[in-house]
Amino acid sequence: MEYVFVFQMALLLFIGKQAFAQIRYSVPEEAKEGTAVGNVAKDLGIEITSLTDRRFRVVSGSKETYFEVNQNNGALYVNKKIDREELCHGGGACIMELKILVENPLEMHYVVVEITDVNDHFPSFPEREQKFEIFEQTLPGRRFQLHAARDPDAGSNSIRTYTLTANDYFEVDIRQSDEDKIPFLVLKKSLDREQKSKHTLLVTAVDGGKPPKSGTLNVSIIVLDSNDNRPIFSQEIYQITLNENVPVGTSIFQMNATDPDEGTNSVIEYSLGKTLKKKVYDIFELDKLTGELKVKGVVDYEENDVYKLDVEASDKGTPPLTGECRVIIKIKDVNDNPPEIDVTSLSNIVSEDSKPGTVISLLSAVDKDSGVNGKIITSIISDVPFELKPSYKENIYSIVTKGFLDREEVSHYEITIKATDCGEPPLSTFKTLSIQISDVNDNSPHFDQNPLEFYLIENNVAGASLFSVSATDKDVNDNAAISFHVVRGATKNDITSFLNINSENGDILALKSFDFETLKTFQFRVVATDSGTPSLSSNVTVNVFILDQNDNAPVILYPVSSNGSAEGVEEIPRNVNAGHLVTKVRAYDADIGYNGWLLFSLQEVTDHSLFGLDRYTGRIRTLRSFTETDEAEHKLVILVKDNGNVSLSATATVIVKVVEPKEAFAADVKSATNVDEEDNVTFYLIITLGSVSVLFLISIIVLIAMQCSKSTDYTSKYLQETNYDGTLCHSIQYRSGDKRYMLVGPRMSIGSTIVPGSHANTLMLPDRRTPGEVRA
């Protein structure tokens, strides 16, 4: 049935065709079962004739239903005895809300039934009798609290007043406390034990019902003998100042009360008042005999800064008399709490392009101490580009950037915040915030050198890697991901068209083989670009120097016959002396340095005793005079080879014919004619020799003068070979930074050094130029 009801309710809410009404009834709690409360059908306007087709159902808000609806006439009646005090606790209105579900058509109505109270309970005291012992000298006006009566009825049916049997000494006074009335027995005049030692009174509690009901309490008063002086303290209020955190057991005050009575009536015992908070008894204790007040527990200013103790001094008289005083203990704050730093907001990742003044964190500092001990000084003690900005509210701060950040210099900061109070001694707290600087693309790729210089041996393999360029970027991640490309020339035959570069690692490849004899040096530019947004780039100039290889064989320049073969015929007179210059073999090598340094040697000769060959100059001279027995024709085969690692060579053949002096003279004339064609006019030979002699003497004088001046310019001094004056060679000079390089033939200057890795054909010369001097 409950499920059907829930379904019906949901259906009503869904279709929105239900009708609602609210009816209010009241019924006394004493109503018996079957008592009619009201007619729901009539109040809802439902005709009696239609009740046979309509059904009523009562749903109570409580677990029990005290009411039902008569299906025949629509009357709401009580179906269960109502106990208002059980149903509704307290003195307020007792309301029951009923839901009336009407079917055909389905409707729901609200009925509010107020249960009115009836005076069906008597006032009652918790005890039947109460006793008091009152000293005969007790002054009038002394109040003694009586037991309060209880009445579960509410409203006017609850307790209204207390009455006392007629007497001369006491009266009842009522004090209203919230909803309760507390009765007190008040002494109207002093008692006299000798006249009457015991008083029996009857206290009656009366409610406001009609008719009223009442309950009684028997009160017995025992009059005690005179102890007419109570203990008296020197002051009614004592004020003490006590530092917090004093050691347990510390004596803080000595209570002192006096009693002018004698004997046991003057013996005093001290005690703390019974109405103090429980915490007070945990912190302080009072010696009942000596009156010494001591610290029992921890005294904390932050928990409570003042304690008010009621102290009683009672004598041992019968009855005992009591004197009261109040001890006010003011706790003095001690700096025992360090400040606390609370970070309320923190951005632990800060972009390096943040402007000065950017807020990265909000924090507050608090100190449980008070006064000077709670005054806080907050600062950043680490050397960081951040500072504290105070807020409009005390001890509220924001951490802001005080300068520009650079992740490449410092990528992580530890901000140490120090909060110190102004106590004595001061206490401090430290808080460290970890801040990470995020990267922005503010650094271009960087080449360690500019320009870059590379040395490449000629005849490199096309397509192979020549060398590699590299760049660094101080940024990170994509901002530091570098790609390389070569700046191409505008012309089709530009050298960069034969170069390719790996964009990721900077490896440079040549698409063709280079020939030193054709190209000795070239230059191009490489651009490095990072992957940041926007991207940054830088470029470097790359100078490439081609190094020579021994890839050219010597070429014979002389002798060369008419058909192009390296063969020549020389005629000499038979009467020449030893040392006569027969001829000179001249050769050329396109390579340079050691690769172009030529050496001559006799490979074949008919008579080794007749001819000699200078290995450096290629001059052929006679070793001795000819004899009659010597043959008239001699064949000399000369081998010319270079000084490369793998030597290349060529051969020349010289046919020497020995003729008689007359024939030789004619041949000499012819030979002299040829010499005149090479060295201008033979006529001036003698004059030239004389001039050379004079120049030789002058040179000796100049050399002596230079030696005396101790000249240090070694660049003009060369290692002289007296017999080396006929072989052709190359010398190429170029500069790299502060060094000058020369590719030379067999002649090397003094002080020159061979550059490692140059295959012995590159010399490094000391630069003797003065600053600013330019040498072509």
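Let's start with a hairpin. Strands E6 and E7 form it, with four residues between them. In the turn, asparagine 104 has a positive phi of about 55°. Keep in mind that this is a predicted model.

How do the two strands run? E6, residues 94-102, and E7 are antiparallel, and nine bridges join them. Take one pairing: lysine 99 has tyrosine 110 in E7 as its bridge partner.

Now the other pairing of E7. Strand E1, residues 22-28, is joined to E7 by seven bridges. Here the strands run parallel. Look at tyrosine 110 again. Glutamine 22 stands opposite this tyrosine in E7.

Is E7 enclosed or open? Strand E7 covers residues 107-116, and seven of its 10 residues are buried, so the strand is largely enclosed by the rest of the structure.

Next, the surface. Go to helix H6, residues 685-709, where valine 694 is found. This valine is partly exposed, because its relative accessible area is 47%, and partly exposed covers the range from 20% to 50%. Valine 694 also belongs to a nonpolar surface patch of about 520 Å². Its partners in the patch are Leu695, Ile698, Val702, Leu703 and Met706.

Last stop: histidine 608. Where does it sit? Histidine 608 is in the loop between strand E43, 599-605, and strand E44, 611-613. Buried or exposed? Histidine 608 has a relative accessible area of 61%, so it counts as exposed, the cut-off being over 50%. One distance to finish. Histidine 608 and leucine 623 are 15 residues apart in sequence. In space, C-alpha to C-alpha, they are 8.9 Å apart.

Methods:
Residues are numbered from 1 along each chain as its sequence is written. This is a predicted model: local features need pLDDT of at least 70, side-chain atom pairs count only at pLDDT 80 or more; totals for chains, interfaces and linings use all residues. Side-chain values use heavy atoms; hydrogens and water are left out. Buried means under 20% relative accessible area, exposed over 50%, partly exposed in between (1.4 Å probe, protein chains only). Patches are made of residues with over 30% relative accessible area and no salt bridge: like charges are joined within 9 Å, nonpolar side chains (Val, Leu, Ile, Met, Phe, Trp, Tyr) within 5 Å. Accessible areas come from the Shrake-Rupley method with a 1.4 Å probe; for residues, only the protein chains shown count as cover. A salt bridge is a side-chain nitrogen of Lys or Arg within 4 Å of a carboxyl oxygen of Asp or Glu. Two strands pair if DSSP finds at least two bridges between them.
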